[in-house]
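Work through the exercises below with the coordinates open. Try each task before you read its solution.

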Amino acid sequence: EKGAGVPDLFLPVLLSPKMLSSGICTSTVQLPGKVALVTGANTGIGKETAKELAQRGKFTFLEFKNTQFISNWLTGARVYLACRDVQKGELVAREIQTVTGNEQVLVRKLDLSDTKSIRAFAEGFLTEEKHLHILINNAGVMMCPYSKTADGFEMHIGVNHLGHFLLTHLLLEKLKESAPSRIVNVSSLAHHLGRIHFHNLQGEKFYNASLAYCHSKLANILFTKELARRLKGSGVTAYSVHPGTVQSELVRHSSFMRCMWWLFSFCIKTPQQGAQTSLYCALTEGLEILNGKHFSDCHVAWVSAQARNETIARRLWDVSCDLLGLPMD
């Protein structure tokens, strides 16, 4: 399969009716005093997600004086933009601060292709913050030419799965201490084409950029399900989401996909629309009973047989821990 051209495998995803609908997060939950972290928040879905979390404030009436109530505006969550490109992140942070009036939008360096960067980010965050209520693992790569992360992992599985796996692990105690808290993992409808080949997890025996992306998105769902199982009763819940087919920078590695995006631009979601399901899972009250479920257009969505396989999910967890040098339990 190495080098085989199969970008047409994404046509069912592109042409799916899912892309023509657009769920809306109708939750009115406000977030003053809460702390949220969004990876890949300097562009696209991540940026729009961070913006919405930052503006979820509320008015509080402090006192009755001179025949009128004196009110105070409490801004939304303190939002961390975890970005590889800090300079771009700072520009986005200033934009969000201007739009929302929330000065608590902070940028921190995070390179998910380097475990040293992930550990340094987590160490800094844990020193800086007492709480973490919302973790949105949004960043990702798509259809990269074969390449490896700083630790020798294939880029898709390394960034999209292992990077977020390690980050979540390092922040998990903080999430538990801050419960009720939530984890949202951004996956894709493309997971239906994914398979977890444990004998070829790093793509060294055979590799295809399109399929590598699909495999990593399947890994996101399996991780979410196993994480939810292990977190049961902790007050921390986890959800995976398909944001829809969204206009973003993800297709920069594929001229074919850029062409398809252009041809079907009339029915491709905007980043704001693409952020709705992530926001739905992060904010909607009473969603705890659906811990571990996969969502699309703000509704529970069907996943592939592979994504429902508990044996594969548990094995992937153990293999991921082994690759990252983490305790399995």
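The exercises go from the whole chain to helix packing and then to cysteines.

**Ground rules.** This is a predicted model, where local features need pLDDT of at least 70, side-chain atom pairs count only at pLDDT 80 or more, and totals for chains, interfaces and linings use all residues. Residues are numbered from 1 along each chain as its sequence is written, and side-chain values use heavy atoms, with hydrogens and water left out.

**Exercise 1. Describe the protein chain as a whole.**

Step 1. Take the secondary structure. The protein chain has ten helices and ten strands. Helices (H or I, at least four residues) and strands (E, at least two) are DSSP runs, numbered from the N terminus.

Step 2. Take burial. The protein chain has 329 residues, and 54% of them count as buried. Buried means under 20% relative accessible area, exposed over 50%, partly exposed in between (1.4 Å probe, protein chains only).

Step 3. Take the contacts, meaning heavy atoms within 4.5 Å. Among those between residues at least 6 apart in sequence, 76% join residues at least 24 apart.

**Exercise 2. Classify the packing of helix 5 against helix 4 and helix 6.**

Step 1. Fix the geometry. Axes are lines fitted to C-alpha atoms, for helices over the stretch in contact, and angles run from 0 to 180 degrees between N-to-C directions. Helix 4 (residues 115-128) and helix 5 (residues 155-177) have axes 10 Å apart, at an angle of about 20°.

Step 2. Apply the classes: under 35 degrees is roughly parallel, over 145 roughly antiparallel, 65 to 115 roughly perpendicular, the rest oblique. Helix 4 and helix 5 are therefore roughly parallel to each other.

Step 3. Assign the hand. A crossing is left-handed if the near helix is turned anticlockwise from the far one by less than a right angle, and right-handed if clockwise. Helix 4 and helix 5 make a right-handed crossing.

Step 4. List the contact. Helix 4 residues including I118, F121 and F125 meet helix 5 residues including L166, L167 and L170. By class, this contact of helix 4 with helix 5 has nine nonpolar, two polar and two charged residues. Here Ala, Val, Leu, Ile, Met, Phe, Trp, Tyr, Cys and Pro count as nonpolar, Asp, Glu, Lys and Arg as charged, and the others, Gly among them, as polar.

Step 5. Repeat for helix 6 (residues 209-231). Its axis and that of helix 5 come within 8 Å and cross at roughly 20°. That makes helix 5 roughly parallel to helix 6. The crossing of helix 5 and helix 6 is right-handed.

**Exercise 3. Place helix 9 in its surroundings.**

Step 1. Count burial. Eight of the eight residues of helix 9 are buried, so helix 9 is largely enclosed by the rest of the structure.

Step 2. Find the cover. It includes helix 2, strand 6 (134-137), strand 7 (181-186) and helix 8 (271-274).

Step 3. Examine helix 2 (residues 44-54). Its axis and that of helix 9 (residues 276-283) come within 9 Å and cross at roughly 40°. That makes helix 2 oblique to helix 9.

Step 4. Name the partners. T49, E52 and L53 in helix 2 meet S278, L279 and L283 in helix 9. These residues divide into three nonpolar, two polar and one charged.

**Exercise 4. Account for the cysteines C25 and C321.**

Step 1. Search for disulfides (a pair of cysteine sulfur atoms within 2.5 Å). The structure holds zero. For C25, the nearest cysteine sulfur, that of C298, is 5.9 Å away.

Step 2. Check accessibility. C25 counts as buried at 10% relative accessibility. C321 is buried too, with a relative accessible area of 1%.
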